[in-house]
Amino acid sequence: MFLDSYLFFDSFADFLAMGKHGFYVWLCYGITALVILANVVAPIRQRKKLIDQQTRLQRREKKNAS
Amino acid sequence: MWEALKRLYHRMGSPKWFYEISAKWLPWFVVPTVGFLLVGTIWGLAFTPADYQQGNSFRIIYIHVPAALLAQSAYAMMAIAGAVFLIWRMKMAAWVAASIAPIGASFCFLALITGAIWGKPTWGTWWVWDARLTSMLLLLFLYFGVMALQKAMDSEESAAKAGAILSLVGLVNIPIIKYSVEWWNTLHQPATLKFTEESTMAMEMLIPLLIMIAGFYLLFAVLVFMRTRNQVLWHERKKNWVKQYMQSRADK
Amino acid sequence: MSLVTATIKRDLVIAARNPGEWLNPLMFFLMVLALFPLAVDPDPKFLSKIAAGVVWVAALLATLLSLDALFKADVEDGTLEQWLASGESLFAMALGKVFVHWCISGLPLTLVAPLLALMMNLPDEAYSALFFSLLLGTPILSLLGAVGAALTAGVRSGGLLLSLVILPLYIPILIFGASAVYHAGIEMEYVGQLGFLASFLCLSMTLAPFAVAGALKLNLSR
């Protein structure tokens, strides 16, 4: 690929090792991924729960009315 | 221009309008969010050269700084939304403020934890009472206060108002806290290595940082949209349009 | 006599008849001070080094403890509604309440702190700094605390929530108050810190009563 020459690391193992700081860097990026994931998943689940709850409620109301 | 803004503001006050328009807007935010975050992360991790002093650990900057910036401006946005609610009684603003609080707190937490992890290779310990970290910690406390207050109230109306008042008081205090923490820090630790010296940052390091900052702000917008949409559905659940909306989803 | 001065007078009389109201914070202050030598180290040299910070932290906690009751009775027995119905400015009312609170918590603390600081082996040069920093700082503690007290007046377990809400706002006062005392102790200039406290006092005196008034109205609408 044309971007290869701009890569900072020589090999993939180098990239993972990050000098001596691999643990810290990857830990940070891992935690960030988790926090973002949690932030995305929470409202989706909340929305699903809300819609389920409300549709169930409406169905029951309809049944009672008829 | 002014008229258009005014019209937008009045429309924003309508939960139904917001719900419908945000459904159309969301994809336009999600795509660039993912793009910016991916490009920024890959660029920052693999292409930027390492810092001559800190080595590769400096790559944490690409999440630490955007998260810290976002956490601070999220607090300001929350307070401004609270003020709009208090002054013009716009319910949408209260819901936006309530949506921002947990998101802002989580990014504040992220900034803190990445700062602590960054501290280990830089200073040799997990926690140093550095000015930036300390004021981030205090900002997290401010978020905790607002969230605890909102949860403690029985009525949603007074929870929103109390949260708004507290976040406004906090907003006035943030610059004072920041200034006093910085002053305290120079007093006690004159010679610590700073994470970043903004002015001396090289272009090739700066550009991915700017991309990541843009990505974090876009992500924030997406998350606020998502949460506020839920708030709209919940608060308007007794309204006809929501009932019809639920019905149409159930029929499908 | 206006409603505000009448309320101030009434509250002061009540406090005079219930010495516990202003004695309890003082006793709490003394006990917290006693904890540090027991928990850390009774060595006089070490104590004199941490004295400034410890005295300030203890004063801050003592103020915090007395805040919980600030508006509770007024909210519960309907006095608050009377204030609003009277048309008196809630701003003045809030300022009056804060003044009374300071008279029964901050002022006694300011007067007693130099005596108790003897136990902490505070350096001789630091006593005037301690007195003046507390004199300027405790009213701010009362003002900011009143915002929290008004916000949490209607909440069941308000006390803990109040500390959670208010403590972060107290940080600048703690930093500058403690550092004034510390700097006086090592014979350095401390006018700057007192100046900061004075300006912060002016700022919070003009802004905090607005927030208190707004927060008090919340308790009414419930």
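## A tour of chains A, B and C

Select chain A to begin: a compact globule of 66 residues would have a radius of gyration near 11 Å, but chain A has 24 Å. The model in the viewer is predicted.

Keep chain A selected and turn the C-alpha trace onto its principal axes, along which the span is about 75 × 30 × 15 Å. A cartoon view of chain A will show 2 helices and 0 strands. Switch next to a surface coloured by burial. Of the 66 residues in chain A, 30% are buried. The area that chain A exposes comes to about 4900 Å², and 63% of this is supplied by carbon and sulfur atoms. To finish with this chain, colour the charged side chains. Chain A carries 10 positive and 5 negative charges, and the mean positions of the two sets lie 25 Å apart.

Move now to chain B and select residues 131–152, which form helix 5. This helix has 22 residues, and the distance from its first C-alpha to its last is 32 Å, close to the 32 Å expected at 1.5 Å a residue. Show the surrounding structure as well: 17 of the 22 residues of helix 5 of chain B are buried, so the helix is largely enclosed by the rest of the structure.

Which residue caps the N-terminal end of helix 5 of chain B? Select D130(B), which places a side-chain oxygen 3.1 Å from the backbone nitrogen of R132(B) and thereby caps that end.

Stay in chain B and select residues 156–188, helix 6, where W183(B) is found. Is W183(B) buried or exposed? The answer falls between the two: its relative accessibility is 22%, and buried requires under 20% while exposed requires over 50%, so W183(B) counts as partly exposed. Add G40(B) to the selection and draw a C-alpha to C-alpha distance to W183(B); the two residues are 33 Å apart in space and 143 residues apart in sequence.

The last stop is chain C. A cartoon view displays 9 helices and 0 strands, and the order of elements from the N terminus on is α-α-α-α-α-α-α-α-α. Orient the C-alpha trace of chain C along its principal axes to see a span of about 55 × 30 × 30 Å. The radius of gyration of chain C is 18 Å, which agrees with the value near 17 Å for a compact globule of 222 residues. Colour chain C by burial to close the tour: buried residues account for 54% of its 222 residues.

Technical notes: Residues numbered from 1 in each chain as written. Chains lettered and ligands numbered in written order. Predicted model: local features only at pLDDT ≥ 70, side-chain atom pairs only at ≥ 80, totals over all residues. Heavy atoms only, no water. Helix = DSSP H or I, 4+ residues; strand = E, 2+ residues; numbered from the N terminus. Expected span 1.5 Å × (residues − 1). Buried < 20%, exposed > 50% of the residue type's maximum accessible area, 1.4 Å probe, protein only. Polar contact = N/O pair within 3.5 Å; in protein donor to acceptor, adjacent residues only side chain to side chain. Rg over C-alpha atoms; globule rule 2.2 N^0.38 Å. Areas by Shrake-Rupley, 256 points an atom, 1.4 Å probe, with all protein chains shown as cover. Lys, Arg positive; Asp, Glu negative; His and termini not counted. Charge placed at Lys NZ, Arg CZ, Asp CG, Glu CD.
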